[in-house]
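Hi,

Here is the structure I promised to pass on. Have a look at it first, and then read my notes below.

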Amino acid sequence: MTLHETVPEAPAARQDAQRAAAPDQEFQRGWKVLLACLLGVTAGFSSTYFYSSGLFLVPVAKELGLTRGQVSLSPLFCYLAAAVVAPAVGRAVDRFGPIRIALVSMGGLAVGFFLLAAFTISLPSFIALSTLAAILGAGTTAVSFSRMIIATFHKHRGMAFGIMLTGPGIGAILIPSLLLPYLSQSGWRSAYQALGIAVLLALVAIACILISQRALVNAGSAAQRAGAGEPAPMGEIWSSPPFLLLGGIFLLAALGVISVVVHFVPMLVDAGIAAPSAAKLASSIGFAVIAGRLLTGYLLDRFEAEFIALAMFALVVVGLSLLAVGGSAMALPGAVISGLAVGAEIDLLAFLTSRYFSARSYGTAYGGIFGLFLLGGAIGPGATGMLYDLTGSYKTPLLCALACMAIACVLLYVLRTGRTRWSRI
């Protein structure tokens, strides 16, 4: 492996320290870039598709004469496709810049929603068009927008990440409440068209902001990449110890947390809580996601990221334990703690990637790690459902989730202890 700079004494790290010592004007200078990134992830694939997909299951199944199980295959294929293309998107961000990739992908996501509205006539077409939307919109995730944050923020990078990544939490609150009445009144095809129009409107606003701020983003990227050369080969990045450890950590974290969040309502119903009350409890997760991301961002600017990650993952273990043994009495604290964990994960993924990889390789590294995270999110809910079918309860899936988080904590410790021996690529 060709090593370019050591983690403890990297030139990029010294530059960050020098900037941090200067008077803090980062938010005053970069708030427009942050606003564009917040709008981007709120209107991006991981928000608009993820938090709307459940609303379409029943009406699509009814019109096409399908079962809910058949229609539920669509999200699985979407997340697998997003996991596969995320590394390619990250590589494209390294080579062509985040602004171009984000704007093109926003347009692609809108096109994907319009195609779903116009050409869905069967289960294969629904799955194929949903997967196409995931591929076209893959650049609307934090793979692109987090790179703009890195170029613009240094001293308060963690807080900027936290603010940006509240976008999906905002989507979790707004999308069901705004889209469901429209879907009920106008039908699911019109609802997909409405999503496409919303993404296009967001694209116009984001493009206007980013075009005016392009010089700031490009200057920050150029300063970080000065003297670093071209992006390192993908094999060099993906075979490095930090990538392997971070990939394993966030794959396990997704398996341990996302599967629980997806099955949270049926878990509560099985525990004896009425379905309407379970749905209200589940809505608390959206607010906990926002709180978790802001809290994590605040802490990342003040304490070591690895210790924060260990603390957050330990909280997950507590939350999962409450859900496993506490029954309905512990449902609300279990939900809130799980939501905090979901909120923390993406913050930590972006921040830790920027800590262990230089600017020239960030997109490739982040894309690969995020792809593994998406893979865990795609596999986890289905595996949880299968375990439930085999055992008749959620206790075994929760114990498996606990095991995943425990192993992730061990890998985090290994990552922290090996930091001084590894080099930023």
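How many salt bridges does the structure hold? The count comes to three. Bear in mind that this is a predicted model, so everything below is computed from it.

Let me start with Glu63 and Arg189, whose side chains meet in a salt bridge at 3.2 Å, N to O. Glu63 sits in helix H4 (residues 50-64) and Arg189 in helix H12 (residues 188-212), so this pair ties together parts that are 126 residues apart in sequence. Glu63 is partly exposed, with a relative accessible area of 46%, and Arg189 counts as partly exposed too, at 24%.

Next come Glu304 and Arg416, with side chains that meet at 2.8 Å, N to O. This pair also links distant parts of the chain: Glu304 is in the loop between helix H17 (275-300) and helix H18 (305-325), while Arg416 is in helix H21 (residues 395-418), 112 residues apart. The relative accessible area is 24% for Glu304, which is partly exposed, and 22% for Arg416, which is also partly exposed.

The salt bridge left to mention joins Glu306 and Arg355, where the closest N and O atoms are 3.2 Å apart. Here helix H18, which holds Glu306, is linked to helix H19 (residues 331-356), which holds Arg355, and the two residues are 49 apart in sequence. Is Glu306 buried or exposed? Its relative accessible area is 0%, so Glu306 is buried, given that buried means under 20%. Its partner Arg355, at 24%, counts as partly exposed.

Now for the nonpolar side of things. The largest nonpolar core has 123 residues, and Met164, Phe313 and Leu348 have the most contacts inside it. Met164 touches Leu34, Cys37, Leu38, Val41, Ala142, Phe145, Ser146 and Ile149, leaving aside residues up to four places away in sequence. Met164 is also one of the buried residues of H10. That helix, residues 157-164, is mostly covered, with seven of its eight residues buried. Besides Met164, the buried ones are Arg157, Gly158, Met159, Ala160, Phe161 and Gly162.

On the surface, Leu73, Leu76, Phe77 and Leu80 make a nonpolar patch of about 290 Å². Leu76 belongs to helix H6 (residues 73-96). With a relative accessible area of 33%, Leu76 is partly exposed, and it qualifies for the patch because patch residues need over 30%.

That's what I have so far. Happy to talk it through whenever suits you.

Cheers

Technical notes:
Residues are numbered from 1 along each chain as its sequence is written. This is a predicted model: local features need pLDDT of at least 70, side-chain atom pairs count only at pLDDT 80 or more; totals for chains, interfaces and linings use all residues. Side-chain values use heavy atoms; hydrogens and water are left out. A nonpolar core is a set of buried Ala, Val, Leu, Ile, Met, Phe, Trp, Tyr and Cys residues joined through side-chain atoms within 4.5 Å. Buried means under 20% relative accessible area, exposed over 50%, partly exposed in between (1.4 Å probe, protein chains only). Contact means heavy atoms within 4.5 Å. Patches are made of residues with over 30% relative accessible area and no salt bridge: like charges are joined within 9 Å, nonpolar side chains (Val, Leu, Ile, Met, Phe, Trp, Tyr) within 5 Å. Accessible areas come from the Shrake-Rupley method with a 1.4 Å probe; for residues, only the protein chains shown count as cover. A salt bridge is a side-chain nitrogen of Lys or Arg within 4 Å of a carboxyl oxygen of Asp or Glu. Helices (H or I, at least four residues) and strands (E, at least two) are DSSP runs, numbered from the N terminus.
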